[in-house]
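Please open the structure in your viewer and keep the sequence panel visible. The tour below proceeds from the whole chain to selected strands and residues.

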Amino acid sequence: MGLLNQIKHIFTCLFILFYGLSIAQNDAINGTISGYVVGEAGKEIPGAHVKLSTDKTTITDEKGQFFFQNLSPGNYSITASFLGFQSVQKTVHLNEGQKLSVNLMLKEEAINLDEVAVTGKSEARALKESVATVEVLEVKGLYAQSVNTSDIIKQISGVNVRQSGGFGSNAEIYINGMSGKQVKFFLDGVPLTYFGSGLSLNVLPVNLMKQIEVYKGVVPVHLGADALGGAINIVPRKEYSNYLDASYSFGSFNSHKTNLNGQVVNHQNNFLAGINSFYNYSDNNFKVDIEIPNEFGNPEPATVRRFHDRFSNYLLNLYAGVFDKTYADQLTISARYSGLNDELQHNAIMAQPYGEVTYEESTIGASVDYQKQNILPRIDLKWYGGINHTTGHFVDTTLNAYTWDGKVNRRRTDGGEISASRNLLKLNSRNAVSRFNVNYNPWNKGQITLNIFSSWFRRTGEDPIAAEFYGQDYYTYPTVLVKNATGLAYKHTFSEALESYTAIKHFAYTADGYAIQFLEFQPNQQSVSNFGYSQSFRYHVSDQFLAKASYEYATRLPDEFELFGDFTLIRPNPFLEPEQSHNANLGGQFHSEKLDVDLNIFYRLTENIIWLRTSMFFAQYQNLLKAGVKGFDFETRYKPFPFLQLKVNATFQDIRNRSPRNITGSVDDRYFDARLPNIPYLFGNGEIRYQKENFMGTNSRLSAWWSAGYVHEFFLFWAVDGNRDLKNSIPSQFIQNVGLSYALEDNRFSITVESLNVFNQQAFDNFNVQRPGRAFNITLRTYIN
């Protein structure tokens, strides 16, 4: 409660500071002009364009109101316009300090036209047709569902998500053959890892988002990090209006999800304040098929519920700021508190159950977000800065050994369930980030972008039980990581059809850490500097068809968890080297009123691959040698009627070892060009969605959907070894989901019922690690705007 009170105190101070500045500035200005734009019947017109003779412009709000401030005394011409109406202009005189009210009436335009063709592109469509190889998913229509980010992105072509259990379990994302830390996750351009484990991708609620951008291959420089072969950027909701959005979901396995988001906007002073918050909880006590020793110690098949797998995470984010000021288009200060509570049920391959191991984490942080267009002529500036303090507690002290039915099988004489030393570990981490982005438009057809991202991380700990085992407390030694990513790009528009994007990036880091191997403390320091570069083209063959091509030489630096571990299931390895990759993409898009088709062909050649090697008791990141990836993904969306949409996609990714035997030390070349094991290579998704507006003439909306995901069987170990018929494998899976949603007018209230894995199929993302069976969820939501 102390931390919560601190956040409330910070937010109150920020509110008073910003509001005071706004009022003070408002008092100091010379005058204001405000009013309403209405039709002939007197009805307000929201979204009308209003312009002053000084070239100041604005858009009327949902009440049809407009507002101009910081105006000197004098004569002004005011012009209002809206599609389908005749423009109107008024000339007024503003005295010093005057608050002038002016109402503008628009008359409907009566024009006979033989044929009218109106074309336009949404923000998502414009990005999708840009030079970047990117999939864009607008998520507003999913606010009423009980889904997380990982549930959504695995429906995108070329993307596969593998989780190690139920809600809150670790999720590994694959994009065109690249996986794990090779794929970077961002929240509005800032790496998601900076915000702490409580805001990881697999547990982030969809209600916080506007859209999800999935970049395949070349990652643009404005995403300031060392992504190797892809990136996912979460674009948060940014609405300059008053709203309240609250939802509650409950379902199988005692799962509960609560979201509360709201905002208050003062348009007279251009001031806003709001809250983003959520709380999720699940017992994760779904049934699993396992083996339990009988009275003679022999394993026997059994079906039991997971018994030590509760998970919860939470967020409280308070923000305040100003917008459309002379000194800032947007200036927002945020204070947040987030965290998680996690019971660890088993090891990485679900071979050993745990009964008392827990991990808790909490993060308190603050950030500043500043944006200003034309801060200098033709120059736009964005800056983000933030600091965090994270506290973690890892407990592994019991001598009990558990079986899968939750019973104590025996007592050990020493060691914990995971570690040989046992642990009562407290971790303290501090980090800071800065992202500096400048766009310069030297001429109409060119844009230069400079992006500088810097981060600092420091972690210390203390563990009295481990100190007694090792003879000293090694966790008190600090681990420090400093990273910098600088990108410079030039985008050139040769014509309406042809556009190019050229970029060069520089990555550097300095790491100071240690490892404990064979009870020996091994410190390590290293500094690394690497360059990367990329070239992309986009060409509009016609109004409906476009083609894209790109190449990138990319570098990815190890992060703090790969280098220093998490002191729970992942051991440190401070000796890791950066990954490098050659990435090429060739693709095309067809877009029409009813049909969309996307095709992407990709190739990757990666060296020093960092992969997570798992064992019975722990895991560790290590460098592999070289691998090549080639494949394709496609997606088709068809909308035969306004109320019906069909979607299907498929991905084939062939990942092969490219290291010869003289490098690997193998006795022969049988592993050269062999497919890498334990990675899916063929998968796809499908969806049928029905949505009826004005259902039964009541201004309500009825939605129903069916979705499915398919993953083809793949081997756990090398296919070239042993008898294929006797090898361990992850079986083919076809998981289906259904849902029904009903919403009142303007989404004032909605209710959604869903069934996941409706036919209760056995589901595996990783070998022997079972996913939940059939589950039901009910979601209630209210939205007031």
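**The whole chain**

Begin with a surface representation of this predicted model: the accessible surface of the protein comes to about 36,300 Å², and carbon and sulfur atoms account for 56% of that area. Beneath the surface, 51% of the 785 residues count as buried.

Switch next to a cartoon representation, in which the secondary structure comprises 6 helices and 51 strands. The radius of gyration is 28 Å, close to the 28 Å given by the globule rule for 785 residues, so the protein is as compact as a globular protein of that length. Reduced to its C-alpha trace, the protein spans about 95 × 55 × 55 Å along its principal axes.

Contacts may be considered next. Among those between residues at least 6 apart in sequence, 64% join residues at least 24 apart. Colouring the charged side chains brings up 70 positive and 76 negative ones, and the centres of the two sets lie 2 Å apart.

**A sheet of three strands**

Select strands S12, S13 and S14, which form an open sheet in the order S12-S13-S14 with antiparallel pairing. The edge strands are S12 and S14 (178-179), each of which pairs on one side only.

Now restrict the selection to S12, residues 159-163, where 5 of 5 residues are buried. In a regular strand the side chains alternate between the two faces of the sheet. Display the side chains of S12: Val159, Val161 and Gln163 point one way, Asn160 and Arg162 point the other way, and all are buried.

Adding S13 (residues 171-175) shows the antiparallel partner, joined to S12 by 5 bridges. Within this pair, Asn160 stands opposite Tyr174 of S13.

**A sheet of five strands**

Move to the open sheet with the order S11-S17-S18-S15-S16, in which 5 strands have mixed pairing. Strands S11 (134-138) and S16 (190-191) stand at the edges with a single partner strand each, so one side of each is left without a neighbour in the sheet.

Strands of a sheet pair through backbone hydrogen bonds, either parallel or antiparallel. For an antiparallel example, select S17 (residues 209-216) and S18 (residues 230-236), which pair over 7 bridges. Lys216 has Gly230, in S18, as its bridge partner.

**Leu481**

Centre the view on Leu481, in strand S32 (residues 479-493). Is Leu481 buried or exposed? Its relative accessibility is 2%, below the 20% limit, and therefore Leu481 counts as buried.

Which residues are in contact with Leu481, leaving aside its neighbours within four places in sequence? They are Ser455, Trp456, Phe457, Tyr509, Thr510, Ala511, Pro558, Asp559, Glu560, Leu563 and Phe564. A distance label from Leu481 to Gly274 should read 33 Å between C-alpha atoms, for a separation of 207 residues in sequence.

**Arg656**

The last stop is Arg656, which lies in strand S42 (residues 644-657). Arg656 is partly exposed, with a relative accessible area of 23%.

Show the residues in contact with Arg656 beyond its neighbours within four places in sequence: Lys626, Ala627, Gly628, Asp673, Ala674, Arg675 and Leu676. Finally, draw a line from Arg656 to Gln69; these residues are 587 apart along the chain, and their C-alpha atoms are separated by 63 Å.

Note on methods. Residues numbered from 1 in each chain as written. Predicted model: local features only at pLDDT ≥ 70, side-chain atom pairs only at ≥ 80, totals over all residues. Heavy atoms only, no water. Helix = DSSP H or I, 4+ residues; strand = E, 2+ residues; numbered from the N terminus. Rg over C-alpha atoms; globule rule 2.2 N^0.38 Å. Buried < 20%, exposed > 50% of the residue type's maximum accessible area, 1.4 Å probe, protein only. Contact = heavy atoms within 4.5 Å. Areas by Shrake-Rupley, 256 points an atom, 1.4 Å probe, with all protein chains shown as cover. Lys, Arg positive; Asp, Glu negative; His and termini not counted. Charge placed at Lys NZ, Arg CZ, Asp CG, Glu CD. Pairing = 2+ DSSP bridges.
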